[in-house]
Amino acid sequence: MSWGTELWDQFDNLEKHTQWGIDILEKYIKFVKERTEIELSYAKQLRNLSKKYQPKKNSKEEEEYKYTSCRAFLSTLNEMNDYAGQHEVISENMTAQITVDLARYVQELKQERKSNFHDGRKAQQHIETCWKQLESSKRRFERDCKEADRAQQYFEKMDADINVTKADVEKARQQAQIRHQMAEDSKADYSSILQKFNQEQHEYYHTHIPSIFQKIQEMEERRIVRIGESMKTYAEVDRQVIPIIGKCLDGIVKAAEAIDQKNDSQLVIEAYKSGFEPPGDIEFEDYTQPMKRTVSDNSLSNSRGDGKPELKFGGKSKGKLWPFIKKNKLSLKLGATPEDFSNLPPEQRRKKLQQKVDELNKEMQKEADQRDAITKMKDVYLKNPQMGDPASLDHKLTEVSQNIDKLRLEAQKFEAWLAEVEGRLPVRGEQTRRQSGMYDGQGGPTGNSCAQDRESSPDGSYTEERSQENEVKVLAADFDDEFDDEEPLPAIGTCKALYTFEGQNEGTISVLEGEILYVIEEDKGDGWTRIRRNEDEEGYVPTSYVEVYLDKNAKGAKTYI
């Protein structure tokens with residue numbers, strides 16, 4: 001099977017076919033190139049997606065990743081980043097092993113094709129020239145033969161005419177002989193050229209064209225083999241990254257299997273546990289006895305002693321709800337967080353103090369390492385004065401030592417607070433106390449206790465007060481003075497109760513599903529909204545229990561969509 005013998009007369013069709021083959025190869029190169037661009041774009045989008053959902057440093061999101069479910073999500077993001085890297089590898093390998101290689105091969109193929117068909121055209125032109133020479137000699141031979149015949153006929157005619165002179169007859173005879181000789185010469189020339197043409201034609205169809213067409217056939221077959229090898233490479237490039245992609249997916253599965261719901265639940269306890277004991281039973285206050293009303297464990301009210309009305313919650317409050325919390329909120333908004341974290345409940349305070357102690361110890365260790373390094377350097381300078389002046393390190397050494405002393409004092413201060421908190425955390429089995437932190441001022445069971453309790457409010461903040469009788473009375477009097485003159489807060493909108501809520505704790509208010517009330521203080525991020533039913537009833541309800549409609553014109557109101 002050879003194109004030279006089978007397709008000896010299909011020069012033009014072979015030229016079209018080989019050009020079509022090159023076009024197919026270029027089309028495949030374009031296909032692979034677009035695939036590499038898609039892989040790069042996909043990898044970039046995956047990386048951007050992974051980066052978008054990565055936790056921001058030093059943010060609340062970073063704290064969320066202590067939960068196993070969030071850590072699994074972070075592992076998924078990291079694995080997707082590696083997954084994107086494998087698509088970049090696919091793009092790079094396809095570009096290097098297929099696109100670049102085939103583009104270079106196409107140029108070589110075009111050059112080889114051009115050379116082969118140039119040789120074919122040259123041979124074709126040569127045989128055409130030989131054919132033209134043969135046709136020319138043939139026509140000359142034919143013409144000379146006809147001229148010789150006419151000269152012979154004219155001579156015979158002159159020779160038969162008795163009226164023609166002998167000289168004219170001789171002249172006609174000589175002319176006929178010349179024409180005959182010319183015909184013989186043309187015949188010999190025609191024969192020679194014909195023989196040469198036949199030889200050239202034989203070489204053209206049996207040597208030159210088969211050789212040229214054989215080269216073209218080999219070139220085309222190499223092109224076909226090359227595109228097949230490129231397709232194999234295309235598949236191999238994909239197959240090479242499958243194990244790594246599989247590892248990425250296995251990493252995601254492993255991270256998902258590492259999710260521990262019990263551990264996450266325990267972390268929630270550690271994050272929000274206050275350390276308080278549940279409140280005990282409310283003591284009965286007997287108003288039938290002619291005695292001064294005592295401060296109970298669950299009440300923030302205190303008798304004035306001078307006839308002034310006592311604080312009441314659930315009735316007409318005039319802004320007196322949660323007085324401890326209101327002051328504490330204000331101080332927190334102004335950035336006046338106590339250094340000893342006394343605004344936090346005991347358990348959370350202990351965690352913060354422990355964290356602070358650990359940070360200070362780490363800083364002290366760093367400073368100590370720096371001091372040791374400077375000391376070693378100073379020793380080296382003392383042994384080798386040419387390397388440096390030992391005295392130049394004294395200032396730095398003194399500065400580091402001072403920093404260590406400062407950090408040590410700071411750590412001791414926080415350790416003292418930590419020991420105080422750990423010593424005051426309530427123990428299960430002891431007599432439970434009310435969260436209000438107020439004790440009976442008339443010699444109740446805990447009237448002389450020195451234990452420190454905290455007040456809990458809807459926003460989760462706490463106020464820590466001592467339990468001595470005189471401090472309780474002074475605090476209650478102060479709060480009376482502070483809030484007696486306060487005017488009711490203006491309504492900033494309305495709300496509709498989505499569910500029934502029974503306000504059993506002090507400072508809360510009960511609502512019924514579907515009830516419409518006034519909003520006088522929106523949620524500050526603590527999950528509670530302050531509402532008013534009428535001039536006599538106002539209090540806090542969970543924000544999730546109501547649908548709030550704020551007045552856009554009200555001062556401080558926000559627009560919700």
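A nonpolar core, as the term is used here, is a set of buried Ala, Val, Leu, Ile, Met, Phe, Trp, Tyr and Cys residues joined through side-chain atoms within 4.5 Å. Keep in mind that the structure is a predicted model.

**The core**

With that in hand, start inside. The largest nonpolar core has 39 residues. If you want to find its busiest members, look for Leu25, Tyr28, Met94, Ile98, Phe213 and Ile216, which have the most contacts inside it. Three elements each give two or more residues to this core: H2, helix H4 (68–160) and helix H5 (166–257). Of these, H4 gives the most, with 15 residues. As general background, nonpolar side chains in soluble globular proteins tend to be buried together.

**Salt bridges**

Now for the charged side chains. The model comes out with 22 salt bridges. Here are three of them, with the N to O distance for each.

| Pair | N to O distance |
|---|---|
| Asp101 and Arg104 | 3.0 Å |
| Arg222 and Glu112 | 2.4 Å |
| Glu538 and Arg530 | 3.2 Å |

Take Asp101 and Arg104 to begin with. Both sit in helix H4, and because they are three residues apart there, about one helical turn separates them. Asp101 is partly exposed, at 23% relative accessibility, and Arg104 is partly exposed too, at 46%.

What does the bridge between Arg222 and Glu112 tie together? Arg222 lies in helix H5 and Glu112 in helix H4, so this pair links parts that are 110 residues apart in sequence. H4 and H5 are also among the elements that feed the big core, so to speak from the inside. Arg222 has a relative accessible area of 38%, which makes it partly exposed. Glu112 falls in the partly exposed class as well, at 27%.

Are Glu538 and Arg530 buried or exposed? Glu538 is buried, at 4% relative accessibility. Arg530 is buried as well, with a relative accessible area of 2%. Under 20% is what counts as buried, so both values qualify. These two residues also belong to a network of salt bridges that links Glu521, Arg530, Arg532 and Glu538.

**Surface patches**

Out on the surface, two patches are worth pulling up in your viewer. One is a patch of negative charge where Glu61, Glu62, Glu63 and Glu64 gather. Glu64 belongs to helix H3, which covers residues 60–64. Its relative accessible area is 37%, so Glu64 is partly exposed.

The other patch is nonpolar: Leu49, Tyr53 and Phe73 make up about 290 Å² of surface. Leu49 is part of helix H2, residues 11–52. How accessible is Leu49? The relative accessibility of Leu49 is 45%, which puts it in the partly exposed class. H2 turns up in the core as well, as one of the elements giving it two or more residues.

**Pairs apart in sequence**

Finally, a few C-alpha distances to check for yourself. Ser136 and Tyr190 are 54 residues apart along the chain, and their C-alpha atoms are separated by 8.6 Å. Ser136 is in helix H4 and is partly exposed, at 32% relative accessibility.

Further along, Leu360 sits in helix H8, residues 346–383. Leu360 is buried, with a relative accessible area of 5%. From Leu360 to Ile404 it is 44 residues in sequence, and the C-alpha to C-alpha distance is 9.8 Å.

Where does Pro390 sit? Pro390 is in the loop between H8 and helix H9 (394–424). Pro390 is buried, at 15% relative accessible area. Lys378 is twelve residues away from Pro390 in sequence, with 5.1 Å between their C-alpha atoms.

How values were computed. Residues are numbered from 1 along each chain as its sequence is written. This is a predicted model: local features need pLDDT of at least 70, side-chain atom pairs count only at pLDDT 80 or more; totals for chains, interfaces and linings use all residues. Side-chain values use heavy atoms; hydrogens and water are left out. Patches are made of residues with over 30% relative accessible area and no salt bridge: like charges are joined within 9 Å, nonpolar side chains (Val, Leu, Ile, Met, Phe, Trp, Tyr) within 5 Å. Accessible areas come from the Shrake-Rupley method with a 1.4 Å probe; for residues, only the protein chains shown count as cover. A salt bridge is a side-chain nitrogen of Lys or Arg within 4 Å of a carboxyl oxygen of Asp or Glu. Lys and Arg count as positive and Asp and Glu as negative; His and the chain ends are not counted. The place of a charge is taken as NZ of Lys, CZ of Arg, CG of Asp or CD of Glu. Helices (H or I, at least four residues) and strands (E, at least two) are DSSP runs, numbered from the N terminus. Buried means under 20% relative accessible area, exposed over 50%, partly exposed in between (1.4 Å probe, protein chains only).
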